[in-house]
Amino acid sequence: MSAHGDVVTPSDDELNTMSKEQLTRLGAELDGVELVEYGERYVPGSPADRRAERSVAKWFLLAALSGAAFAVFFIVWPAGYQDAYSGSKQTVYALYTPLIGITLGACILFFGIGVVALAKKLTPHEVAVQQRHIGMSDEVDRSTLGAEITDTGTKMGLVKRRGVLKGSMVLAGGAVGLVTLIPVLGGLIKNPWEKRGNSDLWVTLWKPVNGKKVRLTQVDGTPVRPSDLAAGALATVFPGVAGGAKASDSAVMLFRLRPNDQVKIRDGQDGFEYGDYYAYSKICTHVGCPVSLFEQQTGRVLCPCHQSQFDVFDGAKPVFGPAARPLPQLPIELDAEGYFVATSDFIEAVGPGFWESTQGSRKWGSHPKGSSS
Ligand code: FES
């Protein structure tokens with residue numbers, strides 16, 4: 001034995017023969033803590049003890065169920081973004097994001113509540129008066145601390161009893177790991193360069209359906225024809241297909257410029273316009289706000305979020321503000337009945353252009369309308 005402050009510390013041999021509870025109490029004393037009361041919160045195996053275990057286990061089981069539901073929703077649902085905008089899948093698809101958010105949040109929330117309930121209902125009952133100590137911990141402190149931790153587990157019944165609780169904790173821990181791992185492995189962030197041409201990020205509802213070109217329509221589905229716009233006017237139009245007015249990436253600004261406006265065409269996009277009519281994506285290439293404020297004198301259209309301006313007289317190139325990419329132009333023409341249709345989908349990605357950074361800075365050439373590119 002040796003003296004440790006006011007407490008006589010046992011030798012190593014004596015330490016080895018002491019029970020975990022004795023070591024715990026010794027550790028408390030060595031730290032200047034008096035354990036006034038210390039022991040199991042309930043009589044092991046008593047109805048109160050089992051009730052406490054069940055009330056804790058239920059939170060871990062709920063966390064496990066939520067994590068499993070998240071995995072099912074995330075992996076199994078839905079078959080395709082494009083399909084989901086049409087027919088009966090539209091309603092189902094609308095539930096996708098809320099459901100993965102709710103189940104992910106519920107998993108983490110229930111796990112957290114379970115941990116709190118575990119601490120409140122099953123950790124040993126203890127009333128202690130603790131004195132602060134100074135100096136580094138020595139061997140005896142480390143031994144006693146280790147014993148205290150494992151003895152806590154023993155007294156909580158986590159070593160030899162409480163199979164339901166241990167099982168539910170393992171399930172909940174696995175579920176929390178799963179919901180953390182799934183987004184990392186495959187997930188919430190898509191690689192836009194993968195499957196180019198097929199990826200959701202490269203396809204909008206303007207893509208012809210079975211060879212049939214998609215009409216430009218008003219929000220109520222009314223098709224648009226040239227006489228609907230006065231010179232210098234702007235109309236917001238949507239794909240004339242089911243769910244077209246709700247598709248977040250497909251809204252388009254249809255401009256009718258004035259005959260005397262000096263217009264330039266972006267290289268490679270000759271013929272995308274129809275006469276004085278030009279269609280550009282309404283989704284800002286900065287971070288995706290709807291662009292709408294058109295100044296017909298200057299040909300500038302403004303995004304209200306961060307004041308990016310695009311020059312409609314020059315291929316909707318950005319001329320002010322943080323946007324670094326022109327608004328994609330939708331190629332249009334008239335169908336046999338005289339309504340506007342898109343001749344194809346956009347030829348470049350709509351919306352925020354962060355992934356374009358992999359290409360470095362780009363120049364977007366243009367030439368006066370009527371001259372060759
Ligand atoms: S989203 Fe348009 S300027 Fe920022």
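## Chain overview

Two residues are in contact if their C-beta atoms, placed from the backbone, lie within 7 Å. Among contacts in the protein chain between residues at least 6 apart in sequence, 67% join residues at least 24 apart. The model is a predicted one, in which local features need pLDDT of at least 70 and side-chain atom pairs count only at pLDDT 80 or more, while totals for chains, interfaces and linings use all residues. Residue numbers start from 1 along each chain as its sequence is written.

The protein chain has 373 residues, of which 30% count as buried (20 or more other C-beta atoms within 10 Å of the residue's own, with C-beta atoms placed from the backbone). Its secondary structure comprises eight helices and 17 strands; these are DSSP runs numbered from the N terminus, helices being H or I of at least four residues and strands E of at least two.

## The four-stranded sheet

Strands in the order E10-E11-E12-E13 form an open sheet with antiparallel pairing, where two strands pair if DSSP finds at least two bridges between them. Its edges are strand E10 (293-295) and strand E13 (317-320), each pairing on one side only. From one strand to the next, the twist averages 35°.

Strand E12 (residues 309-311) pairs with E13 in the antiparallel sense over three bridges. Within this pairing, Pro 318 of E13 is the bridge partner of Phe 310.

## The seven-stranded sheet

A further open sheet, of seven strands, follows the order E14-E9-E7-E6-E5-E16-E15, and its pairing is antiparallel. Strand E14 (329-330) and strand E15 (332-334) are the edge strands, each paired on one side only.

At the E14 edge, strand E9 (residues 277-281) runs antiparallel to E14 and is joined to E14 by two bridges. Tyr 280 stands opposite Gln 329 in E14.

## Packing of helices H2 and H7

Helix H2 (residues 20-30) packs against helix H7 (residues 139-155) at an angle of about 130°, the axes being 8 Å apart. Axes are lines fitted to C-alpha atoms, for helices over the stretch in contact, and angles run from 0 to 180 degrees between N-to-C directions. H2 and H7 are therefore oblique to each other, a class left after roughly parallel (under 35 degrees), roughly antiparallel (over 145) and roughly perpendicular (65 to 115).

The contact includes Leu 23, Leu 26 and Leu 30 of H2, and Val 140, Leu 145 and Ala 147 of H7. By class, the contact of H2 with H7 holds six nonpolar, six polar and five charged residues. Here Ala, Val, Leu, Ile, Met, Phe, Trp, Tyr, Cys and Pro count as nonpolar, Asp, Glu, Lys and Arg as charged, and the others, Gly among them, as polar.

Technical notes:
A residue is buried if 20 or more other C-beta atoms lie within 10 Å of its own, exposed if 12 or fewer, and partly exposed in between; C-beta atoms are placed from the backbone.
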